Amino acid sequence: MAATLTVLTGCTTIESTAPDLSELRPDLTPQQAGALQAGYDGRAMQEPTRSGPVAQTGKKVWVISCGQTYQACSILSSSFTDAARNLGWNTNLVDSKADPSVATSLIKQAVAARADGIAVFSLDCPGIISGLKDAKAAGIPVVQYTSIDCDDPAFGGGEKLFTASVNVRGSTSTAEYYRAWGAARAEYLAALLGNKGKVLEIRETSQRTHAYSHEGFVEQMAISCPGCEIVDVPFTFAQVPKEATAVWNSALLKHADAAAVSFSIDSLMGLGLQSALRQSGFRGITAGGEGLNLDLVREGRQTTETPIPYELAAWGLADTLNRVFAGEDPDTLPSEGGGWIFLDAEHNLPAGQMWSPAFDFKGIYTSMWAGRSR
């Protein structure tokens, strides 16, 4: 349904052929209905293991943030330091500013400072390889979440340099997890669209985690919504905010008939994407990813989320490092839980707070670290 919208930044009007959201609730196939209900029920979410070593206290741990400007990175790093306090560790939180060269320098500083361990978030191995090699040579364990190691086929199958990765839902493969999450976002969006509609998939290209999420999304959309058209809208973190905003705005204007915009990185809404959506007059579905834009969902400015429990993941990474300190085999660590749910204005939207898993994961971990079982 065509509609004439007034751009909020001026008096210009832009003609949009994007459909109204009220028209995007088709009768669901049994497969779509099942996937939608499973997502709303949170069946992909799992609790962490309840048994493990007690806190290995007194450790000095450096926490390398993937970029404090990005809300997900800030939540991950601050949640890890919160868990570390409960483990009796001294932490040094430093900001890589989403720059692998900065992260490399920070890892080298941690090695020089004789840290007992290093935690890394969303920084792929090739970009920080010299720092990881220094840490390995010094015998300092480096654990990671949402990073891809150098032995990944996309990097030519080189040497594995991260000491351990968080076991999420039974797997330490970050690529596998992100593919599955991307596929879940696709199932959710397909259930809203039915078997039709153009989708702008906004994807970051400098990190392999986002590439795997995109691959999972595109592959599942071909299955769940074969009549949909996917328009690839690539950008890099280095382009945020100005250049990326121009890229997004251009794509939205070029594809004014798009029924949905999909993005896995929620911080983009506050870093130019929301402005581009507003200026283009877009009226379709805005399908986010991480569960960090709940106020936008409440206000009707974002349609969906497929939240990842970042706090749980960060506590799981702290438990992973604690197990390494205790001498457990990094290749046989148990599941730290995790997963995702589907969230929108009618489902799973908490009142005035961030979304969090229904189970008390902090209680599970603190009891385990204190030598008590729950």
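Start by selecting F80 and Y145: of the 96 residues in the largest nonpolar core, these two touch the most other members. The model on screen is predicted. Next, select helix α5, residues 174-193, which gives the most to this core, with 12 residues. Another core lies apart from it; this one has 21 residues, among them L106, V111, V120 and L123. As a general note, nonpolar side chains in soluble globular proteins tend to be buried together.

Return to Y145 and display its surroundings. Which residues is Y145 in contact with, leaving aside its neighbours within four places in sequence? They are L76, V120, F121, S122, V166, V168, Y177, I308, Y310, A313 and L317.

Now turn to the sheet. Its 5 strands form an open sheet with parallel pairing, in the order β4-β3-β5-β6-β7. Select β4 (90-95) and β7 (164-165): these strands stand at the edges, and each has a single partner strand, so one side of each is left without a neighbour in the sheet.

Move inward to strand β5 (residues 117-121) and strand β6 (residues 142-145), which pair in the parallel sense over 4 bridges. In this pairing, V120 stands opposite Q144 in β6.

Finish with the helices on the sheet. Select helix α2, residues 71-87: this helix lies across β3 (60-65), β4, β5 and β6, and runs at about 170° to β3. Then select helix α3, residues 100-112, which packs on the sheet and touches β3, β4 and β5. The direction of α3 makes about 175° with that of β3.

Terms used. Residues are numbered from 1 along each chain as its sequence is written. This is a predicted model: local features need pLDDT of at least 70, side-chain atom pairs count only at pLDDT 80 or more; totals for chains, interfaces and linings use all residues. Side-chain values use heavy atoms; hydrogens and water are left out. Two strands pair if DSSP finds at least two bridges between them. Helices (H or I, at least four residues) and strands (E, at least two) are DSSP runs, numbered from the N terminus. Contact means heavy atoms within 4.5 Å. Axes are lines fitted to C-alpha atoms, for helices over the stretch in contact, and angles run from 0 to 180 degrees between N-to-C directions. A nonpolar core is a set of buried Ala, Val, Leu, Ile, Met, Phe, Trp, Tyr and Cys residues joined through side-chain atoms within 4.5 Å. Buried means under 20% relative accessible area, exposed over 50%, partly exposed in between (1.4 Å probe, protein chains only).
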